[in-house]
Amino acid sequence: MKNIFKIFLIFMMLVSLMVPITVFAVGDGNIDSGGGGMGDGTSTDKWSPGYDGVRVSVVRASDHDVVTTPIDLTNKSPTNVRLHFGKVSKLSYNGGRAISPSGQSYIFVNPAQEMPRIVSTNGSSNIAAIKSYFTDEQVIRSIASITGMDFDILIGGDYKLLLEPMAYYTFQGVMIATTATEAAMYDEQLSGLLRNKMVSLSHKNLPLAMFLEVGDLGYPAWSGSTTKAASNADIKSSLGLGIVRFTEQPEPPIVSAYDYEYRVNTEVITSVMVSGGQSDPDNPTRVSFIIDGRDYNVGNVYYPSGDSQLAWLKWTTPDTEQDLVIDIIVNGPGSTKSIINVKIVDLDKNPPPNPVADDRNDSFTHSSVPNREEKTNANWSIWSPWWRAYWVWHSTGEDSGYWCDHGWWEFDLEQYTASLSSDMSIKNDSKNPTASGRTFKSGYGINQTVTANVSSNQSSAITYVQNAVSYFPEFGYETFWRLLERVSSGSNARFEFKKNNYSTYKNRIHFTPIWMPDSEYTVNTWIIDAWTPDGMLSMNLTDTLTIKGNLWQDWHIAPLNP
């Protein structure tokens, strides 16, 4: 996204002494070191302490591309180098480039500000001085100028410096220059001869001169020995490098997760709130939900610095009751893990028992209708990043220079809502011969209809109402209940009682107990499982009929005709 159009670029080498000035650290050095004794050399295979240097490559952080020709910095003047392998970075070698002797003269740069000793000879670390040197503002300015990189662009956060320790040494009577990676690859070409002759330098002090404290640019932090000779494989994969970055390390994302209770065989939405740092198309965040061994990945989770973003997954629960643990893994500007504990229940396992004519409940008292959870409106938002270009002209001479986009990511916040409306009505069953309006005798049955409407301006992010549960006064609105049947689905769902196995006509009916006293008979229905990123929509509904008398009053003995 950060396109740099180069019109003309002048490469400059800073070789003159600099006037002493106050220096400032502008980078963060991800470098550590080890090493040890050198052993004895020979006239044809030897190294002199201090004959070292550093290869510096400018790397784009987003794709790990080397964007300038690497430079070799050294305090010495190794003009007698007869074998070297060109200006190739460790990234290029690890990307598949083979090692090949260069046919050109070896080019080096003596920095104006003298470097500290890079390769240790006695195991004592010089890493503090190395870190200080390569994060010094004037050193970074010098590197920017030598590589042809604009200083402000270099330290703007989109680029990093890859540092590779180098050594100048005599091998088989020839002065050569290699990085640690090149030494390992050259040794492989020679079937181990370099290691055999120069192991203390080529496989110990040189590769252990720099390694990472924390992983970066695809390379891991080194956790192996810092005093013993390393293998070629370890050198190529993990040693002989340091990295300077120019932005603070992003904060690891924070995941706010909540425990859920779901119903069996129900389409639900599980949400987490992700925050920390900034997530944009250059540094995107992805959230993985791991459910019952299966990975569900949610990408394009963006948010500006200091804010947050909901990430959610729509999925269908199993058809049996169980407890689940959902693992949440967030990968992005940082990475973190969390878990969500989920309980999945079956509401269709506790219907009322069959009422019979001689049932009694002399101790019955009326209970209040519970205040079950209600949420009729949901609100959530999605951050949409867009690039604000800001073009700046960088002059490199009287009539030359280049335009550079110094833009940044802006974010628009798109708001979404969902709302639930619902209604219920109970009425006397059509087979009740003595019902009158909204009055009936206990022992007879009632029917029920529930409608539930969900509307949203992001229908893909929600589910419609999937369940409704009715509770009854004779059971204190708890003990037993009926899971209603959804007879029509979608944004305007409709529910009724399931067909009653105890009904002669298999009606959709609930029978009231014959002992129910004269009073108002109120049914409580809980509308649930309309899921949104902002949680579940639900409503607590009631409707009432009046009981006056009981079914026995409709029985009579008819006389026989003579």
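1. Start with helix H3, residues 137–147, in this predicted model. Nine of its 11 residues are buried, so "mostly covered" is a fair description, given that buried means under 20% relative accessible area. The buried ones are Glu137, Gln138, Val139, Ile140, Ser142, Ile143, Ala144, Ile146 and Thr147. What do they pack against? Their partners are two helices, H2 (127–134) and H4 (151–154), along with strands E3 (52–60), E4 (71–74) and E5 (159–171).

2. Have a look at the two ends of H3 as well. At the N-terminal end, Asp136 acts as a cap, with a side-chain oxygen 2.8 Å from the backbone nitrogen of Gln138. After the helix comes Gly148, whose phi is positive, near 85°.

3. Helix H5 (residues 180–189) is the next one to check. Eight of its 10 residues are buried, so H5 is largely enclosed by the rest of the structure. Those eight are Ala180, Thr181, Glu182, Ala183, Ala184, Met185, Tyr186 and Asp187. They pack against strands E3, E5 and E6 (174–179), and against helices H1 (90–94), H6 (193–205) and H7 (232–238). Just past H5, Ser191 has a positive phi too, of about 60°. Notice that E3 and E5 turn up in the packing of H3 and again in the packing of H5.

4. Now for the charged pairs. Side chains of opposite charge can pair when their charged atoms come close. How many salt bridges does the model hold? The count comes to 23. One of them joins Arg60 and Asp65, at 3.5 Å from N to O. Arg60 is partly exposed at 28% relative accessibility, and Asp65 is partly exposed as well, at 36%.

5. The pair Asp543 and Arg438 deserves a stop on your tour. Their side chains meet in a salt bridge of 3.2 Å, N to O. Asp543 sits in strand E28 (residues 535–550) and Arg438 in the loop between E19 and strand E20 (439–442), so the bridge ties together parts that are 105 residues apart in sequence. Is each partner buried or partly exposed? Asp543 is buried, with a relative accessible area of 16%, while Arg438 is partly exposed at 41%.

6. Glu496 and Arg494 make another salt bridge, and here the closest N and O atoms are 2.5 Å apart. Glu496 is buried at 18% relative accessible area, whereas Arg494 is partly exposed at 32%. Elsewhere, salt bridges with shared partners link Arg55, Asp72, Lys87 and Glu182 into one network. Glu182 is a residue you have already met, among the buried residues of H5.

7. Over to the strands, beginning with Ser422 in strand E19 (residues 408–428). Ser422 has a relative accessible area of 18%, so it counts as buried, the limit being under 20%. A polar atom of its side chain lies 2.6 Å from the backbone oxygen of Thr451. Setting aside neighbours within four places in sequence, Ser422 is in contact with Val450, Thr451, Ala452, Ile527, Met539 and Leu541.

8. Trp531, in strand E27 (residues 519–532), is buried at 4% relative accessibility. What surrounds Trp531, leaving aside neighbours within four places in sequence? Its contacts include Tyr260, Glu261, Tyr262 and Arg263, then Glu267, Val268 and Ile269. Also among them are Ala461, Ile462, Thr463, Gln466 and Met536. The side chain of Trp531 makes a polar contact of 3.1 Å with that of Asp529. From Trp531 to Ala418 is 113 residues in sequence and 9.5 Å in space, C-alpha to C-alpha.

9. Finally, step back to the whole protein. How many helices and strands are there? The protein has seven helices and 28 strands. Of its 562 residues, 48% count as buried. Among contacts with a separation of 6 or more, 71% come from residues 24 or more positions apart. The accessible surface comes to about 26,800 Å², and 47% of that belongs to carbon and sulfur atoms.

How values were computed. Residues numbered from 1 in each chain as written. Predicted model: local features only at pLDDT ≥ 70, side-chain atom pairs only at ≥ 80, totals over all residues. Heavy atoms only, no water. Helix = DSSP H or I, 4+ residues; strand = E, 2+ residues; numbered from the N terminus. Buried < 20%, exposed > 50% of the residue type's maximum accessible area, 1.4 Å probe, protein only. Polar contact = N/O pair within 3.5 Å; in protein donor to acceptor, adjacent residues only side chain to side chain. Contact = heavy atoms within 4.5 Å. Salt bridge = Lys/Arg side-chain N within 4 Å of Asp/Glu carboxyl O. Areas by Shrake-Rupley, 256 points an atom, 1.4 Å probe, with all protein chains shown as cover.
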